[in-house]
Amino acid sequence: MPTTAAAATDAIATRWQAQVVGISLGEDTAARASAIGTRLDALGLDWREEPFEADGLSGRNLVVDLGGPAGAPLLLIGAHYDRVDVGHGATDNASGVATVLELAQALKARPLDNHRVKLAFWDLEERGLLGAHAWIAAPGQEQPALYVNFDVFGWGDTLWMMTPQDGTPLVAALHAASRDEGIGFQPGDRYPPTDHLAFLKAGWPAVSFSLVGGDEIAAILQAFDGQAPDPAPRVMQVIHSPSDDASQLDPAAVPEALRVVEAGLRALDVAAVAEVPRAESPASAAGASGGP
């Protein structure tokens, strides 16, 4: 790898890890939100809080408009930033938040040609995907052409993707990019519950990504099916436990995984020219349905 490319890779890994540490050091959700806001401010991005009430709880989503061509379909990229009461929520899910922030930097530097892009950082995912559900249910909310979720993106050699459909331009591009980057890629429709489910339940297109060890995936699915794999996969030993702190993270494959995801999104953007009509308004777009 040329020196300049190696330096760029190292910079991505360093930024990502620093952001995970900064978020996971927050003692509460407000402090985690503040760490995200500080990074967004440093990137020169305007962001806003969107408070909501759900199931007797108060939360606040953080939303960023990255811009894009007027009337173009909406690409929404997100991750939850809340955590459970034990541990520091580094793997679950400061790692996913940091990944979205890295994509934000890349997409700001080289915007997509055929999509508007928004970022969302969801609150109260751990209480039942409440932040994502509240955003979808907001009056006049625009249906995105695709929601792209990130949850548990902390280590490993494999980009794991939840996708209801195989053989799409997005999945094909991800296969090609993963081969180029030398990282594993495993798409499928079986995947742990997280914010993408709120979109799918609304009939809105969504996918989700994790970065894990490829040898963990089968056992993770067994665990979520109510089985007790022995040994338990690393993910299940870390998340929702006192050990979920920044010491568990390994950024070694994060830059490659990010480049694969970015390549997939850019291929999706090119494919959208022929496949997705431009929306006339948020209200009219809300009635449409599509897929990656």
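**Glu 102, its helix and the open sheet**

Beyond its neighbours within four places in sequence, Glu 102 contacts Ile 12, Arg 15, Trp 16, Arg 39 and Leu 258. The model examined here is predicted. Glu 102 belongs to helix H3, which covers residues 90-109. Its relative accessibility is 7%, so Glu 102 counts as buried, the cut-off being under 20%.

Helix H3 packs with helix H2 (residues 29-42). The angle between them is about 15 degrees, and their axes lie 11 Å apart. H2 is therefore roughly parallel to H3, as angles under 35 degrees fall in that class. The crossing of the two helices is right-handed. On the H2 side, the contact is made by Arg 32, Ile 36, Arg 39 and Leu 40. H3 contributes Asn 93, Ala 94, Val 97, Leu 101, Glu 102 and Gln 105. Five residues of this contact are nonpolar, two are polar and three are charged. Arg 39 of H2 appears both in this contact and among the residues touching Glu 102.

The sheet is open and has eight strands. Their order is S1-S2-S4-S3-S5-S8-S6-S7, with mixed pairing. Strands S1 (47-54) and S7 (184-188) form the edges, each pairing on one side only. From one strand to the next, the twist averages 20 degrees.

Within the sheet, strand S2 (residues 57-67) runs antiparallel to strand S4 (residues 116-122). Five bridges join the two. Val 64 stands opposite Leu 119 of S4.

A further helix, H7 (residues 217-224), lies across strands S6 (158-162), S7 and S8 (206-212). H7 runs at about 40 degrees to S6.

Definitions and conventions: Residues numbered from 1 in each chain as written. Predicted model: local features only at pLDDT ≥ 70, side-chain atom pairs only at ≥ 80, totals over all residues. Heavy atoms only, no water. Pairing = 2+ DSSP bridges. Helix = DSSP H or I, 4+ residues; strand = E, 2+ residues; numbered from the N terminus. Axes fitted to C-alpha atoms, helices over the stretch in contact; angles between N-to-C directions. Contact = heavy atoms within 4.5 Å. Buried < 20%, exposed > 50% of the residue type's maximum accessible area, 1.4 Å probe, protein only. Parallel < 35°, antiparallel > 145°, perpendicular 65-115°, else oblique. Left-handed = near helix turned anticlockwise from the far one by under 90°. Nonpolar A, V, L, I, M, F, W, Y, C, P; charged D, E, K, R; others polar.
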